[in-house]
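Subject: Structure handover

Hi,

Here is the structure I promised to pass on to you. Please have it open while you read the notes under it.

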Amino acid sequence: MLETFLQALLEVLRWNASSFMLIGVVVGFWVGLLPGIGGATTLALMLPFVYRMAPVQAFAFLLGMHSVVSTTGEITSILFGIPGEATTVATILDGHAMAKKGQAGRALGASLTSSLIGAIVGAAALALAIPIVRPLVLMFGSPEFFMLSIVGIAFIASLSGRGPRGMVRGFLTGCLGLLLAAVGQDPQVGVQRYTLQQLYLWNGLDLVPVLVGFFAIPEIIDLAVRGTAIAADAPLGRLSQVRDGVIDAFRHIWLVIRCSLIGTYIGIIPGVGGGVAQWIAYAHAVQSAKTPAERDGFGKGDVRGVLGPGAAVNSKEGGALIPTIAFGVPGSSAMAILLGGFFVVGLVPGPDMLTKHLDVTMSMVWTIVVANIITVVASFVFLNRLARLTNIRGALLIPFLALLTFLGAYTSNNSLNDIIVALVFGGLGYLMVRYRWPRAPLVLGLVLGEVAERYLWISVARYGSAWLARPIVVLLILLVIGVIGSSLRQQGTLPKRQGAVGAT
Amino acid sequence: MRAFVVAVALCLVASPFFTGPVAGQQPLFAGKTVTIIVGYNPGGGYDLVARLIARYLPKYLPGNPAVVVQNMPGANSIIAANHVYTVAKPDGLTIGAFNRNLILGQLVKAPGIRFDMTKFAWVGSPASETTVLTIRNDLPYRAATDLLKADPAVIVGATGPGASTYDFPLLLKALAKFNLRIISGYPSSADIMLAVERKEVDGRAGSYSSTKPFIDRGLVRSIVRGRASVPDIAQLPMDEDLVPDARSKAVMRLRSSPEIIGRPFVAPPGTPEEYIRAYWDAFTKVAQDKEFLVDADKAGFEINYVRGDQALQISRDVLGAAPDIVKVFTQFFSFN
């Protein structure tokens, strides 16, 4: 197996495969930077090109492209507060706050380094998981998926503000997020919920316009109101800042690795979706705060808030490949399209990929690693220039940012309604920032609400109430209690009993 | 130098006037762009078929136009169909690729539909879609009739109403009295297969092409198929053969009619006949192109071109079903 592993590296580095990968990386680089147009869509558009390629080349091209999208998406999130990808929203909270403090270089350095570490951990997990992947994936059924989404929702506790008032606000916005997740036809009997007689809402709220509006528009308004550059009066970024960011990543190396593992694991579970990993990782980073003062620093530019999501978002791809390869069941929407690529190049995902076609599987591991190394090194070359964008006068940037924001929202359905959704959530986001309501719980509720509902329904329909007694479900229930407990303990000032009432 | 620039500019400005009179003798599509509007996001089956067709169509349309694919997702392609019906110009340069079940949606009067499927100018359907019910290989049931007395009930995973994963087993359960338990709500067919693998459910109905890899590796075996078929599974019993009465047969046939025109392509009502005939001709040739067939096979499509006039006839037959049949059908089917 080790031999195949090394041979696969040589295979990926052969000129024809590596040149396809370079093309992929260049495409992915831009797709990541531009808001709205996402990795999955681009994969779909590129799929027709692989009909005549050999498997290793095809995956070098497709995966090379896809695995760098999140890495560069974070650059946009940090610099402008506009999510470059739907998967890089959590980075905005602290990354953009750092940019406003004149630390864009440091945030970028930290984000790129953690992205690289995350990608390597994810790829390593893919390689190591190969012998045990089948039992690993089959262990989790619908009841376990439901409980995992509840674990995710429980993290709302640590994404809320401090004190009873902060907690209540966090839970209220979380509930709003869950309600918003209910918009559209319900997945079981097809009843239309909150669709306001609009065909556009049949399939639910599209995440991209919601997130782009919710995060980018408040930043643009803020920039206009302040009338300064993004980094206000902070001194011009220096080269040493980027180095500081890299050092930060290694200073918090265990946090980065833990978040990478979280990302990998969420990636493995089909149907939970890529948008979730970043928020769980962010919440986990918040939990690492040791004092209430440290806790308050999150959202105002703590580098750990950049490191956590950065690592998780990139490690998740390696994880998502695991069920795709071993079962032909995609771990994310991008993987669903990659699955099409398998058939096009004449491969059938399934047990064969772990034996007969092990070389192709291994080449995927290497593609993820090599593509990320290339991207991160290339980004470092431009980093200081990019960081200087935060010193440009706001009035010059605003038209450009507004254009990017609305184009980004519009690309999701090519519908004017996308713009309306972005504007509505932009207004809501602005009010929430202005009156200090936390935005993260709403997003967590929105991305997890559908998963939770779907799998609760299936669990009850299939097992009645017996699902509650499944061993992993019991473990996860304990984990939920642990997550809420530790958030409450961290709140410090909050009396425990009152918090527990809020949590139910 | 300056004179040269002016001369070039003049030529550019004047060029439309020079090409004007010649256009009459030019092939129908020369210098034009055909847009295929797909009712789904990039990446799904409808999108893949459209993109594959878009690659081969220019070769066979007179004048070799550029063909581009535009995605207009939402409401299971009702939005795109409304657009092509009411907004798009009938100039022969726009065609739509929609959900095959729109015709059933129109039959049961789903909300939001502003088109009449029989008034579109039909290009036809390049591929059909075979539905097959498969169950896990380790179950003792081999023939379709074994499922009548299955004990306990065979659990079938489904995505939701309006999809073949749900409607096909539902009719088998209700009309053919199969002992099935349908658990719906899975996000996609692939997720159901994973549930089959971990024994959360026992089987799945769905398109044969997407199930084939799992049949080949011995996870599931096929039991019953719908009316549309491919040679591989032609020997399987058809759902209509398993019900005794004519009404049940008609209801099942109604469900499977759209699968024969599995990937419908239509143009706006009023599109000139000459364009439609050019499309019929081009689609016929694409469906015989050797390279196209290789690519389509890789992507798992059952290429079987049903020409526009025949597709329209099938649609008319569906909408002309007897009221009592439609009444029964409406009890089981909801367009989603």
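Below is what I found, starting with chain B and ending with chain A. One thing to keep in mind throughout is that this is a predicted model.

**How chain B is divided**

Chain B splits into two domains: domain 1 covers 33–128 + 262–332, and domain 2 covers 131–256. Taken over C-alpha atoms, the centres of domain 1 and domain 2 of chain B are 27 Å apart. Where the two touch, domain 1 of chain B supplies 12 residues and domain 2 of chain B supplies 14 residues.

**A covered strand in chain B**

Have a look at strand S4 of chain B, residues 121–128. This strand is mostly covered, with 8 of its 8 residues buried. S4(B) has antiparallel pairings with two strands of chain B: 3 bridges link S4(B) to S10 (residues 265–267), and 4 bridges link S4(B) to S11 (residues 302–307). If you want to trace the register, Ala121(B) sits opposite Ala267(B) in S10(B), while Ala127(B) faces Ile303(B) in S11(B).

**Phe332(B) and its contacts**

Phe332(B) belongs to helix H12 of chain B, which spans residues 323–332. Which residues does Phe332(B) contact, leaving aside its neighbours within four places in sequence? They are Asp167(B), Leu170(B), Leu171(B), Ala174(B) and Leu175(B). Phe332(B) and Arg255(B) are also worth viewing together: 77 residues separate them in sequence, and their C-alpha atoms are 9.9 Å apart in space.

**Two places in chain A**

Moving to chain A, Ala387(A) lies in helix H18, residues 358–388. Ala387(A) counts as buried because its relative accessibility is 6%, and the cut-off for buried is under 20%. Not counting residues up to four places away in sequence, Ala387(A) touches Leu79(A), Ala104(A), Gly105(A) and Leu108(A). From Ala387(A) to Ile322(A) there are 65 residues in sequence and 36 Å in space, C-alpha to C-alpha.

The other place is on the surface. Leu468(A), Val474(A), Leu475(A), Ile477(A), Leu478(A) and Ile481(A) make a nonpolar surface patch of about 540 Å². Ile477(A), one of the patch residues, is located in helix H22 of chain A, residues 471–491. Is Ile477(A) buried or exposed? Neither quite fits: Ile477(A) is partly exposed, because its relative accessible area is 31% and partly exposed is the class between under 20% and over 50%.

Happy to go through any of this together.

Best wishes

Notes:
Residues are numbered from 1 along each chain as its sequence is written. Chains are lettered from A and ligands numbered from 1 in the order in which they are written. This is a predicted model: local features need pLDDT of at least 70, side-chain atom pairs count only at pLDDT 80 or more; totals for chains, interfaces and linings use all residues. Side-chain values use heavy atoms; hydrogens and water are left out. Patches are made of residues with over 30% relative accessible area and no salt bridge: like charges are joined within 9 Å, nonpolar side chains (Val, Leu, Ile, Met, Phe, Trp, Tyr) within 5 Å. Accessible areas come from the Shrake-Rupley method with a 1.4 Å probe; for residues, only the protein chains shown count as cover. A salt bridge is a side-chain nitrogen of Lys or Arg within 4 Å of a carboxyl oxygen of Asp or Glu. Buried means under 20% relative accessible area, exposed over 50%, partly exposed in between (1.4 Å probe, protein chains only). Two strands pair if DSSP finds at least two bridges between them. Contact means heavy atoms within 4.5 Å. Domain bounds come from an automatic or database domain assignment.
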